[in-house]
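Please explain how this structure is put together, taking its helices, pockets and loops in turn.

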Amino acid sequence: MKAGVLLGAVAYDPRVVTIWEGMREHFATQDLAMEFALFSSYEQQVEQLLRGCIDVAWNTPLAHVRVKRRTGGRAPTLGMRDTDRDFHARLIVRRDAGIRGPGDLAGKTLAVGSRDSTQARILPLHFLRAEGVDLQGLTLLPFDTDLGKHGDTGASELEVIAAVAGGRAQAGVVGDYVWVAEQAAGRVPVGEVEACWTTPAFDHCMFDGRTDLPPEVGQAFARALFAMSWENPAHRRVLTLEGLRRWMPPREEGYTSLEAALAEQERG
C-alpha cells in the first residue's frame, strides 16, 4: 500500500467500531492503509486534528465549522454522506397546545436538546429567531445530555420528545432523523404530538483533513470513499450502519446558517 491515513472518529455508540473496521477493510482494497482512533468528544478530536496528530476527522457540523474557523478555511474537506445534505429540524408540539407554527410559541415552554447539538438546539433556535420569535418570551426546557458528542447519540432529542408527550413542554425541537425514526418505531403518541414546522435546510457531517495533509493523500482518501457502492453487499452493511447510501463530494454552502448562529451566540 502506497499511503496511509489515521482517521479520528467519536465513540458515540458501540457500532462505531464496526463501522470503521468495515471502512478500514474497504480502504485496504483501494490501496490505502487506514487506521482509526476513537475519541470521547469532538472537542478532543478537533484539537488532535489541529495539532496534526490525526490526518482526517469525521466531524459533526459544529466541529466542522470550528475547524474551518480556526484554520482560516485552510483545512481540506474530503466528503460527506448523501444524508448530510439538506438536513432539517422539526418543531414538534402537543396538539392540545394551540400551536400552529413559530408565531404561536409566545409564553410556551419549548424543550431543546444539548447545547452542542446543531439539529436539536443551535440551528432551530437560530431559525426561530429568523422567523421573528422572541426567545426571551419562551421558557426553555434544556436537556444537556451527552455533551461533547454534539447530539450524535440522539439522547437529548428523545428526552425532548418525551417532555412534549408527557406534558412538561408544549413544544420542542428535534432533528428530522430522530423524529422520523421515532415515528416509524411507534414511539410518538399518535394524535397527541405532531410536527408543525420544518426549518430551512442545512448540512450535517463532514470529513476534514489536517491543514498540511498532502493533496495526493486527500485525493486517495476521496477516491477510496467514493468507490463504495450500495450495490456491493459488503459496502451496504457499512453504509447502512453509518446512515447513508452514497458518499458525496464536500460542499460548504450548507454551513452558512450554522456560522451565522455561532456568530449570534458570540455577540450574546
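**Helices, pockets and loops**

Gly268, which comes just after α9, takes a positive phi of about 80°. The model described here is a predicted one.

The helix that precedes this glycine is a good place to start. Helix α9 covers residues 256-267, which makes 12 residues. At 1.5 Å a residue these should span 16 Å, and the end C-alpha atoms of α9 are 17 Å apart, so the expected and the computed span agree. Which residues of α9 are buried? They are Ser257, Leu258, Ala261 and Leu262. These buried residues cover an arc of only 135° around the axis, and therefore they sit on the same side of α9. The face turned away from that buried side carries Glu266 and Arg267, which are exposed. What covers the buried residues of α9 includes α3 (61-70) and α4.

Helix α2 can be read in the same manner. This helix consists of residues 42-50, and its buried residues are Tyr42, Gln45, Val46, Gln48 and Leu49. Seen down the axis of α2, they fall within an arc of 165°, so they line one face of the helix. Just after α2 there is again a glycine to note: Gly52 takes a positive phi of about 80°.

Helix α4, already met as part of the cover of α9, spans residues 118-130 and contains Pro124. Is Pro124 buried or exposed? Its relative accessibility is 0%, and because buried means under 20% relative accessible area, Pro124 counts as buried. Leaving aside residues up to four places away in sequence, Pro124 touches Ala89, Thr118, Gln119, Val173 and Thr199. Another proline, Pro200, is 76 residues from Pro124 in sequence, yet the two C-alpha atoms are 9.2 Å apart in space.

Helices α4 and α9 also meet at a pocket. The second largest pocket has a volume of about 220 Å³, and α4 and α9 are the elements that give two or more residues to its lining. The largest share, five residues, comes from α4. The residues that line this pocket are Arg115, Arg121, Ile122, Leu125, His126, Arg129, Leu135, Leu140, Ala261, Glu264, Gln265 and Gly268. Two of these names have come up before: Ala261 is among the buried residues of α9, and Gly268 is the residue with positive phi just after that helix. By class, the lining of the second largest pocket has five nonpolar, three polar and four charged residues.

The largest pocket has a volume of about 570 Å³. Of the 26 residues that line it, the closest to its centre are Arg15, Arg81, Asp152, Tyr177 and Val178. The elements that give two or more residues to this lining are α5 (155-165), α6 (176-184) and α8 (233-242). Which element supplies the largest share of the lining of the largest pocket? That share, five residues, comes from α6. Sorted by class, the lining of the largest pocket has 10 nonpolar, eight polar and eight charged residues.

The structure also holds an enclosed space. How many cavities of 30 Å³ or more does a search of the whole structure find? The search finds one. About 50 Å³ of space lies in the largest cavity. Its lining is made up of Ala9, Val10, Tyr12, Val16, Trp20, Tyr42, Trp58, Asp152 and Glu242. Strand β1 (3-10) and helix α1 (15-29) each supply at least two residues of this lining. By class, the lining of the largest cavity has seven nonpolar, no polar and two charged residues. Asp152 lines this cavity and is also among the residues closest to the centre of the largest pocket. Tyr42, another lining residue of the cavity, is one of the buried residues of α2.

Two loop residues remain. Asp86 has a positive phi of about 55° although it is not a glycine. This residue is found in the loop between β4 (77-81) and β5 (89-94). Its relative accessible area is 45%, so Asp86 is partly exposed. Asp146 also has a positive phi of about 55° without being a glycine. The loop that holds Asp146 runs between β7 (139-142) and α5. With a relative accessible area of 36%, Asp146 is partly exposed.

Methods:
Residues numbered from 1 in each chain as written. Predicted model: local features only at pLDDT ≥ 70, side-chain atom pairs only at ≥ 80, totals over all residues. Heavy atoms only, no water. 1 Å grid on protein atoms, 1.4 Å probe; cavity = no way out; pocket = protein on both sides within 12 Å on 5 of 7 lines; lining within 4 Å. Points joined across faces, edges and corners; volume = space filled by probe spheres on them. Helix = DSSP H or I, 4+ residues; strand = E, 2+ residues; numbered from the N terminus. Nonpolar A, V, L, I, M, F, W, Y, C, P; charged D, E, K, R; others polar. Buried < 20%, exposed > 50% of the residue type's maximum accessible area, 1.4 Å probe, protein only. Contact = heavy atoms within 4.5 Å. Expected span 1.5 Å × (residues − 1). Arc of directions from axis to C-beta.
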